[in-house]
Amino acid sequence: MVGAGPYGLSVAAHLRAAGVPYRIFGEVMGSWRHAMATGMFLKSTPAATDLSAPEAGGRLADFRLLHGEPELTELTPIPCDVFVRYGLWFQKRYVGDVEPARVAAVDRAPAGDGFAVRLDGGREFTAAAVVLATGLSGLAHIPEELRRLDPGAPGPRTLVSHSSHHTDLSRYGGRRVAVVGGGQSALESAALLHEAGAEVRVLVRERRVLWGTEPEPVRPWTQRIARPASPLGTGWALAAVCKAPGGVRRLPPAARLLLFRRALGPSGGWWLRDRVEGVVPVHTACRVTGAEAVRDTARLRVTGPGARCDTLEADHVLAATGYRLDLDALPFLRPAVRDAVACVPGSKAPELSSAFESSVPGLYFTGSLAAPMFGPMMRFVAGTEYAATRIARHAALRVAAR
């Protein structure tokens with residue numbers, strides 16, 4: 001198992017319950033600890049943030065109750081540090097030991113059956129199956145025009161960084177920061193930067209910023225029928241893709257990719273709106289068409305009907321520009337394995353069976369890399385139960401057959 005975030009922990013918990021021997025590698029909840037700035041909250045509601053346990057008692061609500069903490073409701077944004085503590089508790093209760101070693105290579109086993117796995121320190125072993133639950137690690141996307149500000153290694157200490165590079169945005173207090181993007185990551189980062197004393201401007205490509213609506217814990221039956229609830233929001237379309245990810249998989253590839261790209265576009269959480277709207281300058285309908293470094297300053301060329309000026313100068317540019325699903329961004333997959341993985345037509349994401357198995361027998365993908373096959377629920381913690389139960393069941397049969 002490569003990855004110890006929500007999906008990796010959930011699969012491991014089901015394998016353990018089934019008595020299947022496994023090893024899981026990575027830092028427990030690593031991305032949630034190191035790719036989220038201090039002070040951030042989850043966009044999901046409590047009901048959509050449960051990891052998948054093989055028995056009752058593993059929900060976020062159970063964790064809170066056990067520790068004497070008040071129950072979280074739909075109207076309570078979840079602090080990221082609370083979710084991290086929940087993940088650590090889940091690991092100790094349902095998973096057991098997680099090895100912090102980094103997986104350096106996954107190759108075909110010399111005998112042709114299974115895989116040869118090499119760790120960062122040089123240790124090697126073979127495995128009948130490998131589950132990749134690496135989340136969004138390594139998939140951060142910075143547009144080419146912004147990458148020109150630092151062609152080497154963008155990061156917090158350079159002129160440009162990705163929103164996932166940060167754990168502490170207070171370092172930019174008193175500095176000019178341009179935030180590029182219009183989704184939750186961009187808007188929440190902008191709020192945190194402003195609250196840390198930075199001079200912030202947000203550049204949004206869309207004509208307006210979309211905000212979520214405040215949940216209604218009690219809705220009339222007419223509203224419940226017209227717009228049924230789902231882990232991703234209300235409405236028949238979201239309810240359908242959450243209820244039947246397997247049905248999404250049976251759609252034509254072009255339809256699946258359209259759903260993946262269009263469903264749940266960039267938006268901000270309802271609870272964040274008061275910290276941004278009328279507080280932080282947000283320029284909509286504008287696009288960054290170029291960037292250059294002028295000494296220690298980033299100079300951006302901005303075009304579009306919403307642009308207030310032709311150029312904008314900043315001490316730092318924060319790219320909250322999302323992620324690209326690309327197998328080539330997984331360097332530990334050796335060419336003999338990676339080249340044999342069939343991809344969804346029109347993308348670089350793996351094509352998967354109903355059990356999340358790729359075209360390479362015994363190689364499974366879950367989480368965001370499975371979203372172009374199973375729909376948008378795989379981009380969120382809400383998809384852990386669907387994925388974990390199917391992967392664990394199929395992998396257990398594979399191991400038993402050896």
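G265 sits in the loop between helix 10 (253-262) and helix 11 (273-276); helices (H or I, at least four residues) and strands (E, at least two) are DSSP runs numbered from the N terminus. G265 is partly exposed, with a relative accessible area of 35%, where buried means under 20%, exposed over 50% and partly exposed in between (1.4 Å probe, protein chains only). L210 is 55 residues from G265 in sequence, and their C-alpha atoms are 8.8 Å apart.

The model is predicted, with local features needing pLDDT of at least 70 and side-chain atom pairs counting only at pLDDT 80 or more, while totals for chains, interfaces and linings use all residues. Residues are numbered from 1 along each chain as its sequence is written, and side-chain values use heavy atoms, with hydrogens and water left out.

**Cores and helix 4**

A nonpolar core is a set of buried Ala, Val, Leu, Ile, Met, Phe, Trp, Tyr and Cys residues joined through side-chain atoms within 4.5 Å. The largest one contains 106 residues, and L9, F90, F365 and M378 have the most contacts inside it. Nine of its residues come from helix 4 (residues 80-95), which gives the most to this core. Apart from this core lies another, of 18 residues, including I142, C286, A298 and L300.

Helix 4 has 16 residues and reaches 21 Å from first to last C-alpha, close to the 22 Å expected at 1.5 Å a residue; the expected span is 1.5 Å times one less than the number of residues. Its buried residues include V82, F83, W89, F90 and V95. They pack against helix 1 (6-17), helix 2 (30-34) and helix 3 (60-66), contact meaning heavy atoms within 4.5 Å. Not counting residues up to four places away in sequence, F90 touches L9, S10, A13, L51, S52, A53, G58 and V95. Just after helix 4, G96 takes a positive phi of about 90°.

**Positive phi outside glycine**

Two residues that are not glycines are listed here.

| Residue | Phi | Loop | Relative accessible area |
|---|---|---|---|
| M29 | about 55° | between helix 1 and helix 2 | 0%, buried |
| A285 | about 55° | between strand 10 (282-283) and strand 11 (287-294) | 13%, buried |

**Cavity and pocket**

Rolling a probe the size of a water molecule over the atoms shows where empty space is left. On a 1 Å grid over the protein atoms alone, a cavity is a set of points where a 1.4 Å probe fits but cannot get out, and a pocket is an open set with protein on both sides within 12 Å along at least five of seven lines; lining residues have an atom within 4 Å of a point. Grid points are joined across faces, edges and corners, and a volume is the space filled by probe spheres set on the points.

The whole structure holds one cavity of 30 Å³ or more. The largest cavity has about 50 Å³ of space, and its lining includes R201, H283, C286, R308 and L312. That lining has six nonpolar, two polar and two charged residues; Ala, Val, Leu, Ile, Met, Phe, Trp, Tyr, Cys and Pro count as nonpolar, Asp, Glu, Lys and Arg as charged, and the others, Gly among them, as polar.

The second largest pocket holds about 360 Å³. Of its 19 lining residues, P21, Y22, R23, A127 and A129 lie nearest its centre. Strand 3 gives the most to this lining, with three residues. By class, the lining has 16 nonpolar, one polar and two charged residues.
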